[in-house]
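This report describes a single protein chain. The sequence and coordinates are shown below, followed by notes arranged by topic.

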Amino acid sequence: SAREGCAICSLDMTSEPNRWKEAVRKSISEVRRLGVHGVTPSEMQRYASALMTDAEQLAAQGDSISNSDQLSYLMETIANGHTFMS
């Protein structure tokens, strides 16, 4: 995630319960690929575009984010040692 400042500390993945082993294998394969080949310019462009879209959507929400959601995000951020940006 962008909050990690390009220093990967964790990996989140989602899969169907009966396909979790396949998901783990694929994730390990992708991490190895990144270690060997790095990130391509098109992958970086897609990431930057997604990051900007997320930021724009968050900014558009303005004050409509509930206190509960803000608190949950703050707690998650602190628990993961990330920087909280409001």
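What span should the 13 residues of helix α3 have, and how far apart are its end C-alpha atoms? At 1.5 Å a residue, helix α3 (residues 67–79) should span 18 Å, and its end C-alpha atoms are 18 Å apart, which agrees.

## Overall architecture

The model is predicted. The protein chain contains three helices and zero strands, and along the sequence the pattern reads α-α-α.

Of the 86 residues in the protein chain, 8% count as buried. The exposed surface of the protein chain comes to about 7,400 Å², of which carbon and sulfur atoms supply 58%.

## Helix geometry and the residues that follow

Helix α1 covers residues 20–37. With 18 residues at 1.5 Å each, helix α1 should span 26 Å; the end C-alpha atoms lie 25 Å apart, which agrees. Just after α1, glycine 38 has a positive phi of about 75°.

Helix α2 runs over residues 41–61. Just after α3, glycine 81 takes a positive phi, here of about 70°.

## Serine 27 in helix α1

Serine 27 is placed in helix α1. Its relative accessibility is 15%, so serine 27 counts as buried, the cut-off for that class being under 20%.

The side chain of serine 27 reaches back to the backbone oxygen of alanine 23, at 2.9 Å. When neighbours within four places in sequence are left aside, serine 27 is in contact with Leu11 and Met13.

## Salt bridges

How many salt bridges does the count come to? The count comes to four salt bridges. One of them pairs arginine 19 with glutamate 22, the closest N and O atoms being 2.9 Å apart. Arginine 19 has 39% relative accessibility and therefore counts as partly exposed; glutamate 22, at 39% relative accessibility, also counts as partly exposed.

Within helix α1, the side chains of lysine 26 and glutamate 30 form a salt bridge with an N to O distance of 3.8 Å. Lysine 26 and glutamate 30 are four residues apart in helix α1, so about one helical turn separates them. An α-helix has 3.6 residues a turn, so residues three or four places apart point the same way. Glutamate 30 is partly exposed, with a relative accessible area of 32%.

## The link between helices α1 and α2

Glutamate 43 and arginine 33 meet through their side chains in a salt bridge of 3.0 Å, N to O. Because glutamate 43 lies in helix α2 and arginine 33 in helix α1, this pair ties together parts that are 10 residues apart in sequence. Is glutamate 43 buried or partly exposed? At 19% relative accessibility, glutamate 43 counts as buried, whereas arginine 33 is partly exposed, with a relative accessible area of 26%. Through shared partners, salt bridges join Lys26, Glu30, Arg33 and Glu43 into one network.

Not counting residues up to four places away in sequence, glutamate 43 touches Arg33 and Gly38. Gly38 is the glycine with a positive phi just after α1, and Arg33 is the salt-bridge partner of glutamate 43.

## Serine 42 in helix α2

Serine 42 is also found in helix α2. The side chain of serine 42 makes a polar contact, at 3.2 Å, with the side chain of threonine 40. Serine 42 is partly exposed, with a relative accessible area of 43%.

## Nonpolar surface patch

Which residues make the nonpolar surface patch? Leu34, Val39, Met44, Tyr47 and Leu51 make this patch, and its area is about 410 Å². Helix α2 gives the most to the nonpolar patch, with three residues.

Leucine 51, one of the patch residues, is found in helix α2. At 34% relative accessibility, leucine 51 counts as partly exposed.

Note on methods: Residues are numbered from 1 along each chain as its sequence is written. This is a predicted model: local features need pLDDT of at least 70, side-chain atom pairs count only at pLDDT 80 or more; totals for chains, interfaces and linings use all residues. Side-chain values use heavy atoms; hydrogens and water are left out. Helices (H or I, at least four residues) and strands (E, at least two) are DSSP runs, numbered from the N terminus. Buried means under 20% relative accessible area, exposed over 50%, partly exposed in between (1.4 Å probe, protein chains only). Accessible areas come from the Shrake-Rupley method with a 1.4 Å probe; for residues, only the protein chains shown count as cover. The expected span of a helix is 1.5 Å times one less than its number of residues. Patches are made of residues with over 30% relative accessible area and no salt bridge: like charges are joined within 9 Å, nonpolar side chains (Val, Leu, Ile, Met, Phe, Trp, Tyr) within 5 Å. A polar contact is a pair of N or O atoms within 3.5 Å; within protein, one must be able to donate a hydrogen and the other to accept it, and residues adjacent in sequence count only if both atoms are side-chain atoms. Contact means heavy atoms within 4.5 Å.
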